[in-house]
Amino acid sequence: MPELPEIEVLKGEIKARVVGRQIVTVDVSDPNVINMSPEMFASTLAGKKITGAGRRGKMLLIYLEEGLCLIIHFMLFGRIRLSPEVGEGAQVVLNLDDRRCLFFSQLALGAGVHLHQGEEIDSLPQVTKLGVDALSRELDFEQFTRMISRSKAKIKALLMDQSFISGIGNTYADEILFEAKINPERSGKSLGSEEILAVYRPLKNMLVEAITAGGAGSDDFAHLDGSKGGFIPKVHGLEDKPCLVCGLGIRKTKVGGRGTYYCPQCQNYFRRSG
Ligand SMILES: [Zn+2]
């Protein structure tokens, strides 16, 4: 599922490759993923130029003329592609004036392409409920410490909670905690100052590294041209594979209902830093 780095990568690609293009026609084959009638959706978008791109948490924004904005929730499997030909399973297709099309597929379980007035975006419930952005300067170490040390929740669940910090999902939460050598089941409250710093550092650095690498190299993410990213996880999705640090098998458990991967030795529950 695309997380903050993947959405940043897509945002950059929209800016570089799609901004300035005009939408000629729109095809909607799955009305469930849009927020109005297909006729209204298509007639509102037809003739509009794409003017920019943005991000809120793990959602991609595509700005259009006349103050319009598409807000895209990918959820677990959603895809966006730019191609001369419409791919299989396309649910929404924006046909552009250079004969390419920008199309969306695999949108399910709450995913969608919603059209709004740009000024509405920051008052939508799905946006107002977002916590501080993981890349925001507002999230400095003092702020992070205050937030973490008050909470009885498990650190993994805290990192994934979009109303707490927005942008981090299941993959990067596992990777950040592996880098920090912190067990995902530890509560926020139980972490000492050095341990909080051990989480904070990779939280900031890894997301930037992943953006530079072009996003996740997994099958769940693709660039606009369909190519993969270059960020390779060290624990996430790697059950029973040897830990790159100690060689012990990576374990899988569940935290906050999500599959969670960790090294039982490097991220020992009782290990204390310092
Ligand atoms: Zn290990």
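**Exercises on a two-domain chain**

In this predicted model, the centres of domain 1 and domain 2, taken over C-alpha atoms, are separated by 28 Å. The contact draws on 19 residues of domain 1 and 24 residues of domain 2.

**Exercise 1.** State which residue ranges make up the two domains, and determine how much area they bury between them.

*Solution.* Begin with the division of the chain: domain 1 covers 4–128 and domain 2 covers 132–262. Next, consider how an interface is described. Its size is often given as the accessible area lost when the parts come together. For domain 1 and domain 2 this buried area is about 1,700 Å², with 62% of it on carbon and sulfur atoms.

**Exercise 2.** Identify the polar links between the two domains, beginning with the salt bridge count.

*Solution.* First, the count between domain 1 and domain 2 is 1 salt bridge. Second, turn to the pair Asp133 and Arg55: these residues form a salt bridge whose closest N and O atoms are 2.8 Å apart, a distance that satisfies the cut-off of 4 Å. Third, extend the search to polar contacts, where 9 residue pairs are found across the interface, both residues at pLDDT 80 or more.

**Exercise 3.** Locate the largest cavity relative to the two domains and characterise its lining.

*Solution.* Searching the whole structure yields 1 cavity of 30 Å³ or more. The largest cavity holds about 40 Å³ of space. Its lining consists of Pro2, Leu10, Phe74, Gly78, Arg79, Ile80, Asp220, Phe221 and Ala222. Sorted by class, these are 6 nonpolar, 1 polar and 2 charged residues. Because domain 1 (4–128) and domain 2 (132–262) both contribute residues to this lining, the largest cavity lies between them.

Methods. Residues are numbered from 1 along each chain as its sequence is written. This is a predicted model: local features need pLDDT of at least 70, side-chain atom pairs count only at pLDDT 80 or more; totals for chains, interfaces and linings use all residues. Side-chain values use heavy atoms; hydrogens and water are left out. On a 1 Å grid over the protein atoms alone, a cavity is a set of points where a 1.4 Å probe fits but cannot get out, and a pocket is an open set with protein on both sides within 12 Å along at least five of seven lines; lining residues have an atom within 4 Å of a point. Grid points are joined across faces, edges and corners, and a volume is the space filled by probe spheres set on the points. Ala, Val, Leu, Ile, Met, Phe, Trp, Tyr, Cys and Pro count as nonpolar, Asp, Glu, Lys and Arg as charged, and the others, Gly among them, as polar. Domain bounds come from an automatic or database domain assignment. Contact means heavy atoms within 4.5 Å. Buried area is the accessible area (1.4 Å probe) that two parts lose on being put together, summed over both. A salt bridge is a side-chain nitrogen of Lys or Arg within 4 Å of a carboxyl oxygen of Asp or Glu. A polar contact is a pair of N or O atoms within 3.5 Å; within protein, one must be able to donate a hydrogen and the other to accept it, and residues adjacent in sequence count only if both atoms are side-chain atoms.
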